[in-house]
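Colleague: Hey, got a minute to walk me through this one? I'd like to go piece by piece.

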Amino acid sequence: MPEHYIKISKLVKRFGDLVAVNDVDLAIEKGEIFGLLGPNGAGKTTIINMLLTLLTPTSGKIFINGMDISKNQEKAKQMMGLMTQETVVEADLTARQNLDLFAHLYHIPESQISNRVKEALDEAELQKFADVKAGTFSGGMQRRLGLVRAMIQEPPILVLDEPTTGLDVQNRNTMWGRLRNLNKEGTTILLTTQYLEEADELCDRLAIIDHGKIIALGTPSEIKRIAGSGKVLEIIVKPDDVSHVVSFLKSKFNLIANAKGDRITAALDKSIGTEFTKISAALDREHVEVLSIGAHLPTLDDVFMKLTGTGLRDTSGEMQGGRANIRWRR
């Protein structure tokens with residue numbers, strides 16, 4: 001048995017002078033929901049495209065169940081279903097025809113296609129719309145059709161590139177439920193997302209990627225601890241005061257703060273009540289109008305800001321590893 005179901009080893013992809021993926025190592029276990037989290041341009045989709053054999057790595061290897069996919073591209077493709085960020089359905093074909101087309105493209109035996117299509121329509125709750133052109137469907141209906149179409153050949157691996165982009169809250173929650181059910185049935189899922197709550201809700205483990213490098217890897221709970229062992233201080237001030245408050249928190253309280261718009265956050269390990277009083281009084285003496293001050297348990301949003309915001313790039317020497325079960329890369 002191979003050590004890992006999906007193994008990515010020292011993966012590099014260059015486009016001219018641009019290094020889109022920089023020496024990435026990942027190991028994904030069978031039956032996991034694994035997330036790649038990062039900003040636009042971080043390298044998430046490039047990794048996905050190399051896994052799907054749509055791009056050739058500059059260097060490095062990808063293995064599925066011990067198989068080198070560069071030497072077995074057709075077999076690798078048969079093992080994976082893909083749902084892209086853009087909803088891609090054949091608008092002039094009905095839901096049934098969309099599924100029938102993909103069943104034939106995946107060389108599903110003719111004797112099985114009718115039953116597979118029916119099961120897919122049932123799963124997507126599109127039975128009543130089976131013979132309606134997909135171009136008339138709502139965004140949520142098209143997403144449901146896209147998901148079952150990606151699963152029509154019953155692949156052991158499902159690759160999702162930002163699967164809920166553009167969906168409203170209700171349709172997003174519905175999609176999450178469908179993905180959980182697929183995973184319970186044994187499907188290994190690899191997804192990329194920019195939605196922090198999505199990664200927290202779905203993923204067994206996740207990697208945060210920035211500038212083509214993995215900068216943190218672990219379970220959502222492990223990664224949240226990067227933001228600090230205590231609570232996270234959150235202060236909202238007027239935009240003109242943000243840079244002053246960030247500098248002031250560092251000089252006066254030795255707090256490393258990150259700013260996003262008018263929101264300032266910093267890890268807070270000491271007594272919350274005492275610190276609130278001290279910080280509020282100090283900011284008042286600085287003639288800073290505090291619009292809101294509070295604290296919450298660390299979220300992936302806090303980690304994301306800390307790792308991929310200006311704080312990381314400007315002060316990379318100040319943040320060290322050492323968290324249990326989390327691998328750090330520099």
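Colleague: Let's jump straight in: which residues in H1 are buried?

Modeller: In H1, the buried ones are Lys44, Thr46, Ile47, Ile48, Met50 and Leu51. Keep in mind that this is a predicted model.

Colleague: And how many of the residues of H1 is that?

Modeller: It's 6 of 8, so H1 is mostly covered, given that buried means under 20% relative accessible area.

Colleague: What comes after H1, anything with a positive phi?

Modeller: Threonine 53 follows H1, and its phi is positive, near 65°.

Colleague: OK, zooming out for a second. How many helices and strands does the protein chain have?

Modeller: The protein chain has 12 helices and 14 strands. It has 330 residues, and 48% of them count as buried.

Colleague: What about contacts between residues far apart in sequence, what share join residues at least 24 apart?

Modeller: Taking contacts between residues at least 6 apart in sequence, 70% join residues at least 24 apart.

Colleague: Now the sheets. In what order do the strands of the sheet with S1 come?

Modeller: That open sheet has 4 strands in the order S2-S1-S4-S5, with antiparallel pairing. S2 (18-28) and S5 (67-68) each have a single partner strand, so they stand at the edges and one side of each has no neighbour in the sheet.

Colleague: Which helix packs on that sheet?

Modeller: Helix H1 (residues 44-51) does, and it touches S1, S2 and S4. The direction of H1 makes about 115° with that of S1.

Colleague: So back to S1. How many bridges does it have with S4, and how many with S2?

Modeller: S1 (residues 6-15) pairs with S4 (residues 59-64) over 5 bridges, in the antiparallel sense. With S2, S1 pairs over 7 bridges, also antiparallel.

Colleague: Can you give me a residue to click on? What stands opposite isoleucine 6 in S4?

Modeller: Isoleucine 64 stands opposite isoleucine 6 there. On the S2 side, the bridge partner of isoleucine 6 is isoleucine 28.

Colleague: Nice. And the hairpin of S1 and S2, how many residues sit between the strands?

Modeller: There are 2 residues between the strands in that hairpin, and glycine 16 takes a positive phi near 65°.

Colleague: What's the strand order in the sheet that has S11 in it?

Modeller: That one is S12-S13-S11-S14, an open sheet of 4 strands with antiparallel pairing. Its edge strands are S12 (257-260) and S14 (290-296), each pairing on one side only. The twist averages 20° from one strand to the next.

Colleague: How many bridges join S11 to S13?

Modeller: 6 bridges join S11 (residues 231-237) to S13 (residues 263-268), and the two run antiparallel. For a pair to look at, lysine 231 stands opposite leucine 268 in S13.

Colleague: Switching to helices. At what angle do H3 and H4 pack?

Modeller: H3 and H4 (residues 110-123) pack at about 135°, with their axes 10 Å apart.

Colleague: Why are they called oblique, then?

Modeller: Angles over 145 degrees count as roughly antiparallel and 65 to 115 as roughly perpendicular, and this angle falls into the rest, so H3 and H4 are oblique to each other. H3 passes H4 in a right-handed crossing.

Colleague: Which residues meet there?

Modeller: From H3 you have Ala95, Arg96, Leu99, Asp100, Ala103 and His104, and from H4 you have Glu110, Ile113, Val117, Ala120 and Leu121. The residues of that contact divide into 7 nonpolar, 1 polar and 3 charged.

Colleague: Where does leucine 101 sit?

Modeller: Leucine 101 is in H3 (residues 95-105). Its relative accessible area is 33%, which makes it partly exposed. Setting aside neighbours within four places in sequence, leucine 101 is in contact with Glu90 and Leu93.

Colleague: Last one: how do H5 and H6 cross?

Modeller: The axes of H5 (residues 139-150) and H6 (residues 169-184) come within 10 Å and cross at roughly 15°. That makes H5 roughly parallel to H6, and their crossing is right-handed. Among the residues that meet are Arg143 and Leu147 in H5, and Met175 and Leu179 in H6.

Technical notes. Residues numbered from 1 in each chain as written. Predicted model: local features only at pLDDT ≥ 70, side-chain atom pairs only at ≥ 80, totals over all residues. Heavy atoms only, no water. Pairing = 2+ DSSP bridges. Contact = heavy atoms within 4.5 Å. Axes fitted to C-alpha atoms, helices over the stretch in contact; angles between N-to-C directions. Buried < 20%, exposed > 50% of the residue type's maximum accessible area, 1.4 Å probe, protein only. Parallel < 35°, antiparallel > 145°, perpendicular 65-115°, else oblique. Left-handed = near helix turned anticlockwise from the far one by under 90°. Nonpolar A, V, L, I, M, F, W, Y, C, P; charged D, E, K, R; others polar.
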